[in-house]
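Here's a quick briefing on the fold in front of you. Have the viewer open and follow along.

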Amino acid sequence: MARKEFATLTPQMFYILLALYEPRHGYDVMQAVHEMTDGEVQIGAGTLYALLPRFLEDGYIALVGETDRKKIYQITPYGREKLAEERRRMEKMLEHSRKAVGR
């Protein structure tokens, strides 16, 4: 069965939205994700710049400004809800995992 687009978020999607709790431009997003994950999650420019327009179109983020020809984005209330939904889904998965292995 095919995965419905954005029904669940990939780690890259999750961290991009998380990074956009503060207004940021693209390169800033990549750096923020690198820092918040201690380098464990890398966001490539191709991935980021493919996802940003899709996030905009779906209302997860908004264009909030432009400086030195760099577009600045921030997560919207709708995007925050999507992120919260994803956190709940992951927490439930962890709970199931703990029950399955007895920890």
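Leucine 63 stands opposite tyrosine 73 in β3, and that pair is a handy way into the sheet of this predicted model. β2 and β3 pair in the antiparallel sense over six bridges. Tyrosine 73 turns up again on the β1 side, where it is the bridge partner of arginine 24.

**The sheet**

- The three strands make an open sheet in the order β1-β3-β2, and the pairing is antiparallel.
- The edges are β1 (24–25) and β2 (61–67), each of which pairs on one side only.
- β1 is joined to β3 (residues 70–75) by two bridges, and these strands run antiparallel.
- β2 and β3 form a hairpin that has two residues between them. If you're checking backbone torsions, go to aspartate 68 in that turn, which has a positive phi of about 50°.
- As a reminder, strands of a sheet pair through backbone hydrogen bonds, in either a parallel or an antiparallel way.

**What packs on the sheet**

- Which strands does helix α3 touch? Helix α3 (residues 45–58) packs on the sheet and touches β2 and β3.
- The direction of α3 makes about 120° with that of β2.

**The whole chain**

- There are four helices and three strands in the chain, and along the sequence they come in the pattern α-β-α-α-β-β-α.
- The C-alpha atoms fill a box of roughly 55 × 30 × 25 Å, taken along the principal axes.
- Of the 103 residues in the chain, 32% are buried.
- Take the contacts between residues at least 6 apart in sequence: 50% of them join residues at least 24 apart.

**Helix α1 and its surroundings**

- Which residues of α1 are buried? They are Met13, Phe14, Ile16, Leu17 and Ala19.
- The cover over those buried residues includes β1, α2 (26–36), α3, β2, β3 and α4.
- A bit of background helps in reading such a list: an α-helix has 3.6 residues a turn, so residues three or four places apart point the same way.

**α1 against α4**

- Two packed helices are described by the angle between their axes and the distance between the axes.
- For helix α1 (residues 11–19) and helix α4 (residues 77–101), the angle is about 135° and the axes are 11 Å apart.
- α1 and α4 are therefore oblique to each other, and α1 passes α4 in a left-handed crossing.
- On the α1 side you'll find Phe14, Leu17 and Leu18, which meet Leu83, Glu86, Arg87 and Met90 in α4.
- By class, the residues of this contact of α1 with α4 are five nonpolar, no polar and two charged.
- Phe14 and Leu17 take part in this contact, and both of them are on the buried list for α1.

**α1 against α2**

- α1 and α2 pack at an angle of about 105°, and their axes are 9 Å apart.
- That makes α1 roughly perpendicular to α2.
- Tyr15, Ile16, Leu18 and Ala19 in α1 meet Val29, Ala32, Val33 and Met36 in α2.
- The contact of α1 with α2 has eight nonpolar residues, no polar ones and no charged ones.
- Leu18 serves α1 in both contacts: it meets residues of α4, and it meets residues of α2.

**Two loop residues worth a click**

- Proline 23 sits in the loop between α1 and β1. Is proline 23 buried or partly exposed? Its relative accessible area is 45%, so proline 23 counts as partly exposed.
- Leaving out neighbours within four places in sequence, proline 23 is in contact with Val64, Ile72, Tyr73 and Gln74.
- Proline 23 and alanine 62 are 39 residues apart in sequence, while their C-alpha atoms are 9.5 Å apart in space.
- Valine 41 has its place in the loop between α2 and α3. With a relative accessible area of 13%, valine 41 is buried, because the cut-off for buried is under 20%.
- Setting aside neighbours within four places in sequence, valine 41 is in contact with Tyr15, Val33 and His34.
- From valine 41 to proline 11 is 7.6 Å, C-alpha to C-alpha, and the two are 30 residues apart in sequence.

Definitions and conventions. Residues numbered from 1 in each chain as written. Predicted model: local features only at pLDDT ≥ 70, side-chain atom pairs only at ≥ 80, totals over all residues. Heavy atoms only, no water. Axes fitted to C-alpha atoms, helices over the stretch in contact; angles between N-to-C directions. Parallel < 35°, antiparallel > 145°, perpendicular 65-115°, else oblique. Left-handed = near helix turned anticlockwise from the far one by under 90°. Contact = heavy atoms within 4.5 Å. Nonpolar A, V, L, I, M, F, W, Y, C, P; charged D, E, K, R; others polar. Pairing = 2+ DSSP bridges. Buried < 20%, exposed > 50% of the residue type's maximum accessible area, 1.4 Å probe, protein only.
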